[in-house]
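Here is an informal walk through a complex, chain by chain and contact by contact. Keep the structure open beside the text as you read.

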Amino acid sequence: MHIPDGYLSPGTCAVFYAAMAPVWYYASKRAERTLKLRQLPLLGLGAAFAFVIMLFNIPIPGGSSGHMAGGAIVAIALGPWAAIVALSLTLALQAFLFGDGGLTTLAANCFNMAVIMSISGYYIYRVLAFGAPGPGRRFLAAAAAAYIAVNLAALAVAAELGVQPGLAHGPDGRPLYAPYPLSIAVPAMMLPHLLFFGPIEAFGTALVVSYIYRMNQGLLYEGGKGSLRPLFTALAILIVLTPLGLLATGTPWGEWGIDELRGLIGYVPEGMERYGGGRAGLFPGYSLRGVEGPYGAAIYALAAFLGSVLVVAAVYIWGRLWKS
Amino acid sequence: MKLPEWFKKKDGECQSGRGIKPHGFIERNLARFASIIKEVFTTEEYASRGGLLQRLDGRAKLTGFFLLLAAGAMTGSALFLFGVLVVIAVLASVSRVGIAPVAKRVFPSLVFTFFLVLPVTVNAVTPGKELFGYNGFAVTREGLLTGGFFLLRVVVMLSLTALLALTTRQSDFFKGLGRLIPAFFVTALFFTFRYAVILIKTAEDATMARKSRSIGRAGVTESQSWFASRAALILKRSFSMADEVNMAMISRGFAGKVRTPPAGALGARDYLWIGFSSFVLFLSIGT
Amino acid sequence: MEEIYRVEAVSFEYGGGPALRELSFSVDKGECLAILGANGSGKSTLLKLLNGLLFPTSGMISFTGKPLGEEALKGEFLRCFRERVGFVFPEPDVQLFCPTVSDELAFGPLQLGLRYEEAEKRAGELLKMLGLEALKARTPYSLSGGEKKKVAIASVLAINPEVLLLDEPTNGLDPRTQVWLLELLRELKKLKKTIIIATHDLSLAEDLSDRAIILDESHRLAADSTTAKALRDKELLLSANIIHEHSHRHGELTHRHSHGPYSTHDEHD
């Protein structure tokens, strides 16, 4: 489920980085508050745990085995906010040192696997395992939470990949990044997750959670009493908004362009719109394609050279200021 | 101490069942753990060679690679991407890493992407000028261009991150990153790395212990409950370790904010590197 | 003699049950004290209490006359306390959390507000003194067990504490590193540092400490005397489960006698 570098347009990556920065900041503050001073090593070790869990092969009936994404387990063990930070750390480590998932796509991967999986996995589990559940209900709650969470994450990945052809294409209309539209990306991503990875995630999560519960329930995160309230508020808002959303969905699933996206979520993130044209460059207005003639390329290279000299000068001055 | 009777069996006599294959998922797990640990150490070996990229300051190197990645992400020109690929090859050889280790790291994702783009070349997905095919199915020129270009971009981006990982010692990497993003996250990231290595050892030991005891193919249910108990063990160990590490930090004066040594000044080499990579980035904008 | 620690009727409970019951003793400056006890007798917990990492459930610990409570351990007193007391954890892995060995040595001094130049100077001198210069740029996970322990001890010494708490320092060390450690501790003892060692290695206690306190399996203080006297009291050591009786052969002679886990034999019966 890790999106590698090159699959998403720079605009999409920038949007996700912009969206994740406040989430990371807020989650780290929240985690700090709930975990007290213990937070730093606990987050690191929670992330290390997630890393190892993702390495494990889990045997499934039929002699096969598969890997988990682990988001739901970590969220149930650490609480949703700490899990967001811990899973983001895991993903960062995988991207930087082991080449699993890209660096430019890191924020998008964190959104899918750290945010969507932790929040949905944790709250679904909490809602289904309310009160004092027996072992059977606890097992099912963890399984359902993990199954839904991993499929939501997969759906997010599919949506991110599927909008790429619409967002960024060359002058001749060729897709420049992930080439499949939503109508292909969504089924291609969802079928294996609904049928294969979803059950693995569900089974693995349920096994670990109920095992931990039997042996040492002190290990599982117990949120404060009021901690479900924000969830219900959010659900209420969603219920109110759903009819509106349905009204807005005039096009069949899988054929959203940027206009449908506008209709569906009410607005298009600014960055997406800016890069939504035929070009994928970060500064479309700045593009020097107007420069033509035999010297065009040379002039262009010179401009780029001057630009990089400016960058070096800026870094140099910044470095001097930083030191003093 | 009195040993039970069945301990006194004759040497060289095996009573357990025969002809049973070793247990598949255990082997796979062991192979995976071993390969991760091996990767950490081989990477460190390449990163300690005294090549061009290894001598750069961590901050400058990370910044430069981010600029190159941005360039690779933004360009719409295949020629430009080929150019970057050549630059990567040159950098890999002057950094005494060579192309083979980079290729080895890129290979798995490359294969995945290759199979992923295959369908895009056929007319059902990308209509256009049909080159060859039969029975209504055909490979189109546009499809090949789309797929080929996508594959090329992915190769460039993957090679860049591979080269970064192969030429950066882990300590330099974390130090460099610590100057670029908040220290809280970098310290936590370092902990993740440091303790993932230890927890993998725990997982490996647990798996080895199981391997040494298992003879036949255990049932799925039994294997699954084994997995659950090991995962719980690792979680428990990570919690108790987190506690101890925290105490060890507090004991040495940690009070909520990590103080790190000040950064040294960047050298001429580092400025040249940043200049070069921003030049590439600016070039990518117009191509 | 200046009093460093005074422990008064201290009890401590984890969630499960008592870890320490009603301990009272005091430690003077320059003393070398061994805390002996079987696994799970509460030695580690006692050291953590002495390091202000845990706080007693009941009773009081004072450090140089000031109470060591959650409330009092703040600000200037906390900084000063952390600078004066160093703690070597039993498992070096939990103590090595910096990217390189030299960062590890500089960590403590930097957190306590020392200037970087000074921290670096200390790190350099310690590495030289301990013969670890070759490890300077290495990452902690690439060290061997013995090297890890040396670096962990050096990282605590870099703070230059007056009081050194060591939890099972010889665990898992090869004989040569054990000798190295013993020599180092002897040197520190000569400098009038206060050293408190929790261990079940009776030979270490015998070689180094002047005084021993023994925790029994009911988590109480079973004895507080000179080390020589405590180690002669076989009944006491047996009841605290620090040694056990067994029989084995030496050449042609079969005999019964008592044994500690690491120590060589005591005199034969």
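## Where to be careful

This is a predicted model, so a word on confidence comes before anything else. Over residues 261-269 of chain C, pLDDT stays under 50, and the model has 14 contacts beyond four places in sequence for that stretch. Where pLDDT is low, the predicted coordinates should not be read in detail. Among the elements of chain C, strand β12 (residues 253-259) has the lowest mean pLDDT, at 55, while β7(C) has the highest, at 93. Taken as a whole, chain C averages a pLDDT of 84, with 90% of its residues scoring at least 70. For the complex, the predictor gives an ipTM of 0.81 and a pTM of 0.76.

## Two contacts with chain B

Chain B touches chain A, and it also touches chain C. Here are both contacts in brief, with the make-up of the partner's side.

| Contact | Residues from the partner | Residues from chain B | Make-up of the partner's side |
|---|---|---|---|
| Chain A with chain B | 75 residues | 72 residues | 52 nonpolar, 17 polar and six charged residues |
| Chain C with chain B | 22 residues | 23 residues | 13 nonpolar, six polar and three charged residues |

Which elements of chain A supply at least two residues each to the side that touches chain B? They are α1 (10-35), α2 (39-55), β1 (58-60), α4 (80-98), α8 (182-215) and α12 (296-323). The largest share, 14 residues, comes from α2(A).

On the side of chain C that touches chain B, α3 (92-95) and α4 (101-111) of chain C each supply at least two residues. Of these, α4(C) gives the most to that side, with five residues.

## The core

The largest nonpolar core has 260 residues, and A:Val52 and A:Ala86 have the most contacts inside it. Helix α6 (residues 135-162) of chain A brings the largest share of this core, 16 residues.

A:Val52 is a good place to zoom in. What does A:Val52 contact, leaving aside its neighbours within four places in sequence? The partners are B:Ala196, B:Leu199, B:Ile200, B:Ala203 and B:Ile234.

## Inside chain B

Chain B has nine helices and two strands, in the order α-α-α-α-β-β-α-α-α-α-α along the sequence. Of its 287 residues, 47% are buried. Looking at contacts in chain B with a separation of 6 or more, 76% are between residues 24 or more positions apart.

Have a look at helix α4 (residues 99-117) of chain B, where a kink of about 45° lies at B:Phe107, shortly before the proline B:Pro108. The buried residues of α4(B) are B:Val102, B:Arg105, B:Val106, B:Ser109, B:Thr113, B:Leu116 and B:Val117. An α-helix has 3.6 residues a turn, so residues three or four places apart point the same way. The cover over the buried residues of α4(B) includes α3 (78-94) and α5 (141-167) of chain B.

## A covered strand in chain C

Back in chain C, strand β6 (residues 85-88) has both faces covered. In a regular strand the side chains alternate between the two faces of the sheet. C:Val85 and C:Phe87 lie on one side of β6(C), C:Gly86 and C:Val88 on the other, and all are buried.

What does β6(C) pair with? Four bridges join β6(C) to strand β7 (residues 163-167) of chain C, and the two run parallel. C:Gly86 stands opposite C:Leu164 in β7(C).

Notes: Residues are numbered from 1 along each chain as its sequence is written. Chains are lettered from A and ligands numbered from 1 in the order in which they are written. This is a predicted model: local features need pLDDT of at least 70, side-chain atom pairs count only at pLDDT 80 or more; totals for chains, interfaces and linings use all residues. Two residues are in contact if their C-beta atoms, placed from the backbone, lie within 7 Å. Ala, Val, Leu, Ile, Met, Phe, Trp, Tyr, Cys and Pro count as nonpolar, Asp, Glu, Lys and Arg as charged, and the others, Gly among them, as polar. A nonpolar core is a set of buried Ala, Val, Leu, Ile, Met, Phe, Trp, Tyr and Cys residues joined through C-beta atoms within 7 Å. A residue is buried if 20 or more other C-beta atoms lie within 10 Å of its own, exposed if 12 or fewer, and partly exposed in between; C-beta atoms are placed from the backbone. The bend at a residue is the angle between axes fitted to the seven residues ending there and the seven starting there. Two strands pair if DSSP finds at least two bridges between them. pLDDT is the predictor's confidence in each residue, from 0 to 100.
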